[in-house]
Amino acid sequence: MNSWKPMRIISAIFVLAIFGLLTVLAFAQDEPAVGPKPPVVVKPMESHIGNITGHAAAAKSDYRRYCAGCHGDYGDASGENAVWIDPKPRDFTIATFKCRSTPTGTLPTDQDLFDTIKRGIVNSNMPIWNVFTNQQRADLVAYIKIFSPRWETEKAGTPITIPAEPPVTLESISHGQALFAKLECWKCHGTHGEGNGPSASTLTDSLDNPIRPYNFAAGGNDSRFKCGSTNQDIYKIFMTGVDGTPMPSFADVIQPNDAWDLVHFLRTLQIHRHSKENDVLLAAHGVIPPYQDKSAPAAAPADNKAPGGGQ
Ligand code: HEC
Ligand code: HEC
């Protein structure tokens with residue numbers, strides 16, 4: 001029999017062909033994956049708001065209809081309207097949120113997100129969504145979580161505790177004013193809170209988009225903040241920080257009760273908004289007396305070191 005020889009040649013060619021194919025495939029893996037984007041994977045995320053449980057799967061059509069136009073099908077802020085919008089829609093793949101009751105750097109609670117969706121974000125294109133039922137909103141909160149793995153590996157932060165608000169007094173306002181100066185809020189917000197401090201024009205958010213500090217003097221009785229409108233909401237803003245923006249958290253430097261004094265002073269910067277703080281100020285003819293720190297012990301002589309004077 002001499003047919004074995006061509007058979008061997010054929011199988012050798014076959015083996016070579018397989019090797020060749022494997023090599024081509026190996027190289028092909030270095031090529032970028034091209035083609036249409038894969039469908040969004042709706043992970044089975046949940047949210048819990050009071051006794052309502054939200055399910056991501058239930059929000060799929062609401063999200064596509066009402067949210068994707070700005071936030072994008074993939075939650076990456078690439079909706080078709082995003083290019084026209086300033087500030088940009090939130091990129092849910094990073095899971096950095098402005099409106100939190102939780103410390104800076106942590107995830108917000110489900111309730112925080114739920115409230116934001118209901119409230120909308122003033123001074124931005126994020127609309128007020130009061131057309132939804134609570135269940136729909138809870139489902140949307142769960143849906144937002146499918147976009148970032150942080151929601152699978154981290155828990156929401158523990159909400160900060162806010163002590164009861166002390167009465168508004170001239171002294172409280174005056175102490176708040178001293179804190180506003182000392183903590184250099186004015187560097188961004190301006191000495192009169194008009195959003196025009198010396199650093200204001202240079203600020204950018206964490207995605208390198210320009211961002212302006214809040215102008216307290218603009219707006220009237222209806223003026224609100226991005227994350228609410230009550231005195232408690234203002235307290236939360238500077239004690240938790242506006243994450244993803246240059247607006248820091250001052251939780252480490254302000255004592256809880258001092259924070260209320262700052263809240264009372266900030267209200268007086270809202271010159272066109274009626275408030276109990278402005279009433280107190282009006283009764284004092286609009287003059288905030290300089291703050292006198294009664295609790296500070298008188299400096300001991302040993303503390304009075306002359307500049308450059310050795311020990
Ligand atoms: C017209 C555009 C637009 C639409 C539609 C829209 N958003 Fe937004 N959204 C924004 C913008 C802009 C921001 C960021 C505002 C800012 O940073 O001040 C935002 C921010 C958010 C945030 C982040 C809040 C935080 O604490 O940082 C959430 C959550 C959110 N949107 C949810 C939704 C949901 C849910 C829908 C659909 C029901 C929706 N948005 C529809 C524009 C939009
Ligand atoms: C480095 C600059 C910077 C400093 C310092 C700063 N802020 Fe801000 N602040 C900002 C920016 C920027 C925003 C706007 C964030 C946004 O629009 O998302 C802001 C927003 C705010 C808001 C409104 C947020 C809202 O929901 O609309 C309050 C209240 C506020 N700051 C208070 C303070 C106080 C009080 C201090 C000092 C203890 C302070 N800020 C110091 C940059 C700063």
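Let's start where helix H9 meets helix H10 (residues 276–283): their axes come within 8 Å and cross at roughly 75°. Axes here are lines fitted to C-alpha atoms, for helices over the stretch in contact, with angles running from 0 to 180 degrees between N-to-C directions. Helices (H or I, at least four residues) and strands (E, at least two) are DSSP runs, numbered from the N terminus. H9 and H10 are therefore roughly perpendicular to each other, a label that covers 65 to 115 degrees, against under 35 for roughly parallel, over 145 for roughly antiparallel and oblique for the rest. His264, Arg267 and Thr268 come from the H9 side and meet Glu277, Asn278 and Leu281 of H10, where contact calls for C-beta atoms, placed from the backbone, within 7 Å. By class that gives 1 nonpolar, 3 polar and 2 charged residues. Nonpolar takes in Ala, Val, Leu, Ile, Met, Phe, Trp, Tyr, Cys and Pro, charged takes in Asp, Glu, Lys and Arg, and the others, Gly among them, are polar.

A quick word on ground rules: this is a predicted model, in which local features need pLDDT of at least 70 and side-chain atom pairs count only at pLDDT 80 or more, while totals for chains, interfaces and linings use all residues. Residues are numbered from 1 along each chain as its sequence is written, and chains are lettered from A and ligands numbered from 1 in the order in which they are written.

H9 (residues 256–269) also packs with H6 (residues 170–182), the two axes coming within 7 Å and crossing at roughly 90°. Once again the pair is roughly perpendicular. Among the H6 residues in this contact are Ile173, Leu179 and Phe180, and H9 brings Trp260, Leu262 and Phe265, among others. The tally is 7 nonpolar, 6 polar and 2 charged residues.

H9 turns up once more around ligand 2, where H9, helix H7 (186–189) and helix H8 (231–240) each give two or more residues to the shell. That shell holds 25 residues, with Cys185, Cys188, Phe225, Lys226 and Met247 the closest; a residue is near if its C-beta atom, placed from the backbone, lies within 6 Å. Its classes come out as 18 nonpolar, 3 polar and 4 charged.

Now for ligand 1. Its 25 surrounding residues have Cys67, Cys70, Lys98, Cys99 and Met126 as the closest. Helices H2 (60–71), H3 (110–119) and H4 (134–144) each supply two or more, and H2 gives the most, with 5 residues. Here the split is 16 nonpolar, 6 polar and 3 charged.

Next, the strands. E1 (residues 46–49) and E2 (residues 52–55) pair in the antiparallel sense over 4 bridges, pairing requiring at least two DSSP bridges. They form a hairpin with 2 residues between them, and Gly50 in the turn has a positive phi of about 55°. Ser47 stands opposite Gly54. Along E1, Ser47 and Ile49 point to one face and are buried, whereas Glu46 and His48 point to the other and are not. Buried means 20 or more other C-beta atoms within 10 Å, exposed 12 or fewer, and partly exposed in between, with C-beta atoms placed from the backbone.

Last stop: Ala156, in the loop between helix H5 (150–153) and H6. Ala156 is partly exposed because 17 other C-beta atoms lie within 10 Å. Ala156 and Leu107 are 49 residues apart in sequence, yet 4.5 Å apart in space, C-alpha to C-alpha.

Terms used:
Two residues are in contact if their C-beta atoms, placed from the backbone, lie within 7 Å.
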